[in-house]
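Thank you all for making the time this morning. I would like to walk you through one model, going from its sheets to the way its parts meet, and then to a pocket and a few unusual backbone spots.

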Amino acid sequence: MTEPIRVALVGCGNIALGFHIPAYLTADDRFRIVGIADPTPERLELGRVAAGLTPEQVHADVAELLARDDVDALDLCTPQHLHRDVAVAAARAGKHVLCEKPIAAVPADAEAMRAAAEKAGTVLAVVANYLFFPEVVALRAIIDSGELGEIRTARVDMLGVLDLPGAAGYRPSWRHDPAQAGGGVLVDMLHGVYLAEALLGARAERVSAFVDSATDGDAVDGIALCRLEAGRRVAMVNIAWGMGQGGVAVEGTRGRAVAHYRADGTMPWAPFESLTVTTESGTRTVDLPAGAELEPLIAASMRDTVLDFADAIAGDRAPAVDAAVARHILEITVAAYASGALGTTVRLPLDGALFTAGVAGLAEIGVPDDSFVRRRGLFGLTVPATSGIGG
């Protein structure tokens with residue numbers, strides 16, 4: 001029997017304590033938690049207790065964790081603007097990495113992480129746990145079967161996302177800081193972006209979008225309505241904080257498949273209800289049980305995520321989302337912000353300021369004075385005092 005992978009977690013926020021640690025403990029035939037790092041004493045103690053570690057196994061400084069010979073892999077659960085330095089250092093230390101989404105706040109940081117892992121020959125996987133939801137697995141199987149014909153469109157609606165605060169002891173509102181988060185609801189819920197591309201079966205080449213804040217004065221997007229073009233295939237990704245509609249639909253040349261959620265709500269808060277397939281021969285309901293509620297659903301998908309990570313380390317297959325794909329998904333979100341600011345379609349891959357600085361690069365790309373995004377004060381953009389344009 002292969003020895004368990006010795007994993008250590010960096011960051012003891014809500015996602016680490018609520019789902020990552022339990023996932024590793026459940027998959028105890030593949031993993032053994034051997035360490036944790038977090039600079040906040042109370043969060044570090046919570047993590048230590050949850051993982052069943054001794055005081056000697058936990059660290060305020062991640063450098064101490066990286067120096068340990070008994071750590072094979074790191075799980076990064078910090079905010080995304082902190083991912084790069086730890087991931088690069090981990091690769092140089094020969095340690096594999098599972099990184100929470102998004103891979104980074106800035107595409108250039110994502111590329112540095114990818115390049116470091118490639119040079120070191122280590123695995124860098126990024127959490128994409130929605131791919132393991134049962135209805136998504138079923139949808140992809142239907143698509144792969146050819147029943148729908150050539151896929152033309154995919155639509156992912158997540159207009160009922162809950163705006164949840166971060167962990168106490170750090171900065172609960174950090175997701176509303178564009179410098180730390182790299183954006184707002186779209187980058188936080190880019191689950192919808194990787195889902196859309198996975199269902200479409202093609203990489204986006206052009207992105208256009210409308211973005212706005214959820215409340216006046218907020219610095220980040222609270223709604224993002226995006227179109228991803230991939231040749232003849234197009235995906236619509238609509239994400240917002242609020243009480244809007246949710247659902248997933250895929251349309252091909254011979255039929256369509258639609259995933260329905262309770263009260264037309266947004267996954268994973270609204271449980272899956274049914275999956276219907278419509279072709280010339282009629283409509284059928286796929287034999288799937290009703291979906292789990294939020295916590296057991298995320299717990300199961302996170303366990304599948306860490307098992308996928310284990311298989312990638314073992315060399316059995318590439319992770320569900322590797323660093324190259326994760327960088328591309330991040331670039332889609334930055335391109336959507338740029339499209340909303342410029343009022344134009346943005347081509348991928350990104351270059352220039354958008355690549356090197358992410359959403360902060362909007363200040364360098366000539367966003368017009370009358371841009372809606374500028375007038376709304378999003379992402380640090382301001383209206384020049386001499387423009388005469390009101391909010």
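**A walk through the model**

Let me begin with helix 10, residues 294-314, which lies across strand 1 (5-10), strand 2 (31-37), strand 4, strand 5 and strand 6, and which runs at about 155 degrees to strand 5. Please keep in mind throughout that this is a predicted model.

The strands I have just named belong to an open sheet of six strands, whose order is 3-2-1-4-5-6 and whose pairing is parallel. At its edges are strand 3, residues 58-59, and strand 6, residues 124-126, each of which pairs on one side only. If you look inside that sheet, you will find strand 4 (residues 73-76) beside strand 5 (residues 96-99), paired in the parallel sense over four bridges, and there Leu 74 has Val 97 of strand 5 as its bridge partner.

Now to the overall division of the chain. There are two domains, with domain 1 covering 5-127 + 299-321 and domain 2 covering 128-293 + 322-390. Taken over C-alpha atoms, the centres of domain 1 and domain 2 are separated by 25 Å. How many residues of each domain are in contact with the other? On the side of domain 1 there are 31, and they are in contact with 36 residues of domain 2.

Let me turn to the other sheet I want to show. This is an open sheet of nine strands in the order 14-13-12-11-7-10-9-8-15, and here the pairing is mixed. Strand 14 (282-285) and strand 15 (346-347) stand at its edges with a single partner strand each, so one side of each is left without a neighbour in the sheet. Strand 15 runs antiparallel to strand 8, residues 206-212, and two bridges join them; within that pair, Arg 206 stands opposite Arg 347 of strand 15.

Two helices pack on this sheet. Helix 9 touches strand 7 (151-161), strand 9 (223-230), strand 10 (233-241) and strand 11 (246-252), and its direction makes about 160 degrees with that of strand 7. Helix 11, for its part, touches strand 8, strand 9 and strand 15, with a direction at about 65 degrees to that of strand 8.

Staying with the strands themselves, strand 8 and strand 9 run antiparallel and are joined by seven bridges, with Val 211 standing opposite Ala 224 of strand 9. Strand 9 is in turn joined to strand 10 by eight bridges, again in an antiparallel run, and Leu 228 has Ala 235 of strand 10 as its bridge partner. Strand 9 and strand 10 form a hairpin with two residues between them, and in that turn Gly 231 has a positive phi of about 65 degrees.

Helix 9 and helix 11 come up again when we move to the second largest pocket, which has a volume of about 380 Å³. Of the 17 residues lining this pocket, those closest to its centre are Leu 131, Arg 140, Tyr 194, Ala 198 and Ala 320. Which helices each supply at least two residues of that lining? They are helix 6 (134-145), helix 9 (191-200) and helix 11 (323-342), and helix 6 gives the largest share, four residues. Sorted by class, the lining has 11 nonpolar, two polar and four charged residues.

Finally, a few backbone details that I would ask you to look at carefully. Most residues other than glycine have a negative phi, and most peptide bonds are trans. Against that background, Lys 101 and Pro 102 are joined by a cis peptide bond, with omega at about -15 degrees, and Pro 102 sits in the loop between strand 5 and helix 5 (107-120). Another cis peptide bond joins Leu 348 and Pro 349, with omega at about -5 degrees; the place of Pro 349 is the loop between strand 15 and helix 12 (352-357). Ala 263, a residue other than glycine, has a positive phi, near 55 degrees, and is found in the loop between strand 12 (255-261) and strand 13 (272-279).

Technical notes:
Residues numbered from 1 in each chain as written. Predicted model: local features only at pLDDT ≥ 70, side-chain atom pairs only at ≥ 80, totals over all residues. Heavy atoms only, no water. 1 Å grid on protein atoms, 1.4 Å probe; cavity = no way out; pocket = protein on both sides within 12 Å on 5 of 7 lines; lining within 4 Å. Points joined across faces, edges and corners; volume = space filled by probe spheres on them. Nonpolar A, V, L, I, M, F, W, Y, C, P; charged D, E, K, R; others polar. Pairing = 2+ DSSP bridges. Contact = heavy atoms within 4.5 Å. Axes fitted to C-alpha atoms, helices over the stretch in contact; angles between N-to-C directions. Domains from an automatic or database assignment.
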